[in-house]
Amino acid sequence: MNEYLQPGRYIDSGHPAVAAFASKHASGKDDRERAVSLYYATRDGIRYNPFLDFSKEETFQASRCITTGEGFCIGKAALLAACARAGGIPARVGFADVKNHLTTPALLERMGTDLFVYHGYAELLLEGKWVKATPAFNLELCRRFRVKPLEFDGREDSIFHPFDAEERRHMEYVADRGTHADVPAAEIQRVFREVYPPLYSLGKDAAKERFG
C-alpha cells in the first residue's frame, strides 16, 4: 500500500506546488469529502488541453498541471492522485482506450482517429474500496461542447458518459489498460508515437494549437 501513498516521478505528491494545491482545496470532515473537493478543484481549476508536447516527460507530471494551469487527461489524473496522496489518501492511476464519437474536427485531423489510447483517470481508496475518478474535462469546456460534466461523490465510479446532454453518442470504452502506482510515461510515449504520429510530431509547436 505504501506505493500508493509515496511520491512518484509523475504523481509527484511531494512537489511544493502540489502540496499547496492540495492544502488549499481539500475540505471536509473525512477522506471521502476531501477527495470530492480535490476532484472538483482538479476538474475545473485546470483547463483540459490535448495539444501538448508529448515528447517531454514533464507533460505527464502532476505538478506541471499546476504551474501551467492546463493538462490533458493523464496529467490531470496524476494531479488528482498526487493531491490525494498528499492528504494521506491512497491513490493510483488507471488507463483505458476510449472512442470519442464527438471528437472535434481539429483534434480528429491532428490525431487521425477518434480513438483515445491510454485515456487516464485516477483511482482513490475511499471507505475501503477503489473508486474511479475522471477529472479530465473542466466544466467550462463541457458547457461549450454541450457534454455532461462528470460528477464525483467518492462512492461511485466517475467515468465518461456514453451519451452527451443531447443524447448524442459520446464516449465508448473499448479496452482496459490496467492501473499503475505511477504514470508509465515511456510506454505511453511509445504508443502515442505509433498511433498519433501527426499529433506527437507537433512537439513544442503543439502550443500553437487551441482546443475549445
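**Exercise 1. Place D31 in the fold: which helix holds it, and is it buried or exposed, or in between?**

Step 1. D31 sits in helix α2, which covers residues 31–45. Bear in mind that this is a predicted model.

Step 2. Now for accessibility. The relative accessible area of D31 is 32%. Buried needs under 20% and exposed needs over 50%, so D31 comes out as partly exposed.

Step 3. Look for its neighbours. Leaving out residues up to four places away in sequence, D31 touches I89 and L126.

Step 4. Try a long-range distance too. From C-alpha to C-alpha, D31 and L139 are 24 Å apart in space, with their positions 108 residues apart in sequence.

**Exercise 2. Work out how helices α1 and α4 pack, and which residues meet there.**

Step 1. Two numbers do the job here: packed helices are described by the angle between their axes and the distance between the axes.

Step 2. For α1 (residues 16–25) and α4 (residues 73–86), the angle is about 75 degrees and the axes are 9 Å apart.

Step 3. Put a word on that angle. Values of 65 to 115 degrees count as roughly perpendicular, so α1 is roughly perpendicular to α4.

Step 4. List who meets whom. On the α1 side you find V18, F21 and A22; on the α4 side, L79, A82, C83 and A86.

Step 5. Sort the contact by class: 7 nonpolar residues, no polar ones and no charged ones.

**Exercise 3. Characterise the aromatic pairs F54–F72 and F95–Y118.**

Step 1. Start with the overall tally, which is 12 aromatic pairs.

Step 2. Take F54 and F72. Their ring centres are 4.8 Å apart and the planes make 70 degrees. Over 60 degrees counts as edge-to-face, and that is the label for F54 and F72.

Step 3. Locate the two partners. F54 is in the loop between β1 (47–48) and α3 (62–68), while F72 is in the loop between β2 (70–71) and α4. With 18 residues separating them, the pair links distant parts of the chain.

Step 4. Check burial. F54 has a relative accessible area of 4%, so it is buried; F72, at 5%, is buried as well.

Step 5. Next, F95 and Y118. Their ring centres are 5.5 Å apart with the planes at 70 degrees, so this pair is edge-to-face. F95 belongs to strand β3 (residues 91–100) and Y118 to strand β4 (residues 115–126), 23 residues apart. Both F95 and Y118 are buried.

Step 6. Finish with the cluster. F54 and F72 join F60, F192 and Y196 in one aromatic cluster.

**Exercise 4. Find the rings that the charged end of R92 sits over.**

Step 1. One ring is that of Y4, with its centre 5.6 Å from the charged end of R92.

Step 2. Another is the ring of W130, where the distance to the centre is 3.8 Å.

**Exercise 5. Describe the surroundings of H119.**

Step 1. H119 lies in strand β4.

Step 2. Its relative accessibility is 2%, so H119 counts as buried.

Step 3. Collect the contacts, again skipping residues up to four places away in sequence: C73, G94, F95, A96, V98, T134, F160 and Y173.

**Exercise 6. Compare the settings of Y118 and R146, two non-glycine residues with positive phi.**

Step 1. Recall the background: most residues other than glycine have a negative phi.

Step 2. Read off the angles. Phi is about 55 degrees for Y118 and about 60 degrees for R146.

Step 3. Place them. Y118 is in strand β4, whereas R146 is in the loop between α6 (139–145) and β6 (171–180).

Step 4. Add accessibility. Y118 is buried at 7%, but R146 is partly exposed at 41%.

**Exercise 7. Do the same kind of bookkeeping for F145 and P197.**

Step 1. F145 lies in helix α6 and is partly exposed, with a relative accessible area of 28%.

Step 2. Its C-alpha is 9.4 Å from that of A165, which is 20 residues apart from F145 along the chain.

Step 3. P197 lies in helix α8 (residues 197–200), and its relative accessible area of 44% makes it partly exposed.

Step 4. P197 and K56 are 141 residues apart in sequence, and their C-alpha atoms are 15 Å apart in space.

Notes:
Residues are numbered from 1 along each chain as its sequence is written. This is a predicted model: local features need pLDDT of at least 70, side-chain atom pairs count only at pLDDT 80 or more; totals for chains, interfaces and linings use all residues. Side-chain values use heavy atoms; hydrogens and water are left out. Axes are lines fitted to C-alpha atoms, for helices over the stretch in contact, and angles run from 0 to 180 degrees between N-to-C directions. Helices (H or I, at least four residues) and strands (E, at least two) are DSSP runs, numbered from the N terminus. Angles under 35 degrees count as roughly parallel, over 145 as roughly antiparallel, 65 to 115 as roughly perpendicular and the rest as oblique. Contact means heavy atoms within 4.5 Å. Ala, Val, Leu, Ile, Met, Phe, Trp, Tyr, Cys and Pro count as nonpolar, Asp, Glu, Lys and Arg as charged, and the others, Gly among them, as polar. Rings of Phe, Tyr and Trp (its six-membered ring) pair if their centres lie within 6.5 Å; planes under 30 degrees apart count as stacked, over 60 as edge-to-face and the rest as tilted. Buried means under 20% relative accessible area, exposed over 50%, partly exposed in between (1.4 Å probe, protein chains only). A charge sits over a ring if NZ of Lys or CZ of Arg is within 6 Å of the ring centre and within 35 degrees of the ring normal.
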